[in-house]
Amino acid sequence: MAEAGKTAPSPSPKDAKESPSVNMAEDMKAFRGKHYFRLVVSTAGFVVLAWIFGRIGFGIVWLAPFLVLVFSWWNRTSSEILETTARLADVQARRERAFQNAETAEWLNFIVNRWCVFSDSSILSLIKTSLDPLLEYYKPTFLESIEVEDFTLGSRTPYFKYIECFDSFEDNRKIKASELAMRFPPSDLSRTPKYKAVMDVDLGLASPDSKFVIRVKIAKAALLDLSTDIAVEDFHINGKMQFVFSFNRNIPFPHLAAISLCFLEEPEVEFNIRLLKAVQLMEFPLLKSWVANLVNDCLKLSLVDPGRLTIPLCDDPDVLGHGAQYGCGILTLTIEGGYDGRLTDDVHWCALTLGEQKRQLKEIHHGDEWSDKISILVYSLTYDKLILKMKAKRKLGNKYTVLEYQIPLARLGLDTNGDQEEVFEKSRQRGSKMKVSFEYAPLPVINITNETTEEDFQKNYLDKMKDEENNNSEDQRKQICMLNNCKSDIETIRCGVPQGSNLGPLLFLIYINDLPNCLETTHSNLFADDTILSCQGHLSIDIEYKLNKDLVNAQKWLSANKLTLNNEKTKYMIIGSRQRLKNLDHVPKISINGHQIERVYKKEALGIVIDDRLSWNRQNEEQCNKISKNINLLRKAKDFVGLDTLKIMYNALVAPHFNYCST
């Protein structure tokens, strides 16, 4: 976890001002006094028992064995008390030294060394499985393929020193482990469902014989195979790393759910890069720079707080995500940033993760204030955790995480207060301030069976949802306009569909589905928000009458449904033979709502250019120009990429122009 709070001494149950050594001394004194009291009382009892034996008249023969028994008991008991006291004092001294001065655990370094050497092949397999897809995704355009070939740390494995441990609490406090905390753990630890222990260590790696080999293929032709191995060698890493051990009582013993690790600050990283195969490559300096940036980004950005690597040890919902089958509500987030400067000079964007859902907002190319809005499905207000990241991309294609905020939905209390606003900011990081508004709307539970009739569904669900929408529509959405950093007043949106929402296109299609019902003399073709009205006639005056009549009907339908027509994009075209178009009796005057519609002689509809004679000549010219430009790009790229890459480029840039509308 991130070091979000201050380190504080562990409080004493009796008096927080007392030092641990004073408390320990008092406890030791109480322990000795208790056992000495029992020893003295027992001795007095033996004396009384001996006096009773004398009064009864037992002889010296009985007294001698009795005294031997008493002496043996005294010697054994006093020795046990002294040994126990000495052991406790020794444990106290060692714990005080360990907690006051960060511990150096050579036994841990020994185990890590043996484990790394023993698991060398397994670690290579794990790294290859994890990194090969990422390397293939981020590879530069001049590479045909890239994969991990070998990895070893050698005999000098990572070592740890100066180990410090902490208790971690939900309110971001970190209480440093002490001798007193060992004896007085948190009072509710035996009952709390979740707990985290934090360990901060200084990690070092100085391994001259370490090697990370990447095989790259530059080009491939009939008799040419330009492939080589690039080795990243001689790793030297120094930094302060944090391990977080997450425990969950709901999983089986030993209740350890996951281990996560990250660097608390940017580590010192040094390594060498060299070619293992002598090949003359013009691209090697650029490739070497890309590999260096990739390794640095992994160690200095991806694994630096807030970025971290989490290793799940079981099927814990908090680690792997909640597995609810049905959504319980919709969470709408309005995110604003850029208040205190530009976050990074690279292109960056905001990315959201909630369970298995991942959303990416628009890219930010400037340093001004920005805002965006997105809706996401919530499955559980108790278990779901929202992860908000600001990610960036280098010019060579490497993506990295700039900052990260983790927001458990249970902390927000959205079930009682659906509208909330919070400000997130990282200290000493420019451009990290972000304001997030949360709007949560629960989804109704709909129970539909084979016995549910259409009337029951209408009555129990549709009518109720419509009533709720009418009651709450005025308070749900508001809008504001901004021009040249000047903001308008906030106005309520009383109708319409939010642009960019998942259901927006479907709801719009349903909304305009009855438009053809108002038309009398024309035929309509609808596609999304594009509508084509067509009619035929022997005389141009007939066409003018039919179109103007249905345009009046369409305008009435638009007004009744609170929609507007884009007059600038509305055009009309007369289609006919060359002779008929030349001998028109008069040019039709088409208008809607008092606006004269412009006549055109060609028009693009869904990517197809249609002219007034249906000759397709202009469509062919457009397609030939586009295909010619893209083929020229392939011709220039064939010297730098392989045949497989050229096929991909062809299928992406050229083939679609032949295949579109070909059947």
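Here is a short chat about a predicted model.

User: Hi! What pLDDT do local features need here?

Analyst: This is a predicted model, so local features need pLDDT of at least 70, side-chain atom pairs count only at pLDDT 80 or more, and totals for chains, interfaces and linings use all residues. Residues are numbered from 1 along each chain as its sequence is written, and side-chain values use heavy atoms, without hydrogens and water.

User: Cool. Is Asp 132 buried or exposed?

Analyst: Asp 132 is buried, at 17% relative accessible area. Buried means under 20%, exposed over 50%, and partly exposed in between, using a 1.4 Å probe and protein chains only.

User: And what is Asp 132 in contact with, leaving aside neighbours within four places in sequence?

Analyst: Ile 127, Glu 147 and Val 148. Contact means heavy atoms within 4.5 Å. Also, the C-alpha atoms of Asp 132 and Ile 146 are 7.5 Å apart, though 14 residues separate them along the chain.

User: New topic: how many aromatic pairs are there?

Analyst: The count is five. Rings of Phe, Tyr and Trp (its six-membered ring) pair if their centres lie within 6.5 Å; planes under 30 degrees apart are stacked, over 60 edge-to-face, and the rest tilted. Take Phe 235 and Phe 271: their ring centres are 6.0 Å apart and their planes at 40 degrees, so this pair is tilted.

User: How buried are those two?

Analyst: Phe 235 has 10% relative accessibility and Phe 271 has 18%, so both count as buried.

User: Last one: which charged end sits over the ring of Tyr 339?

Analyst: That of Lys 433, 5.9 Å from the ring centre. The rule asks for NZ of Lys or CZ of Arg within 6 Å of the ring centre and within 35 degrees of the ring normal.
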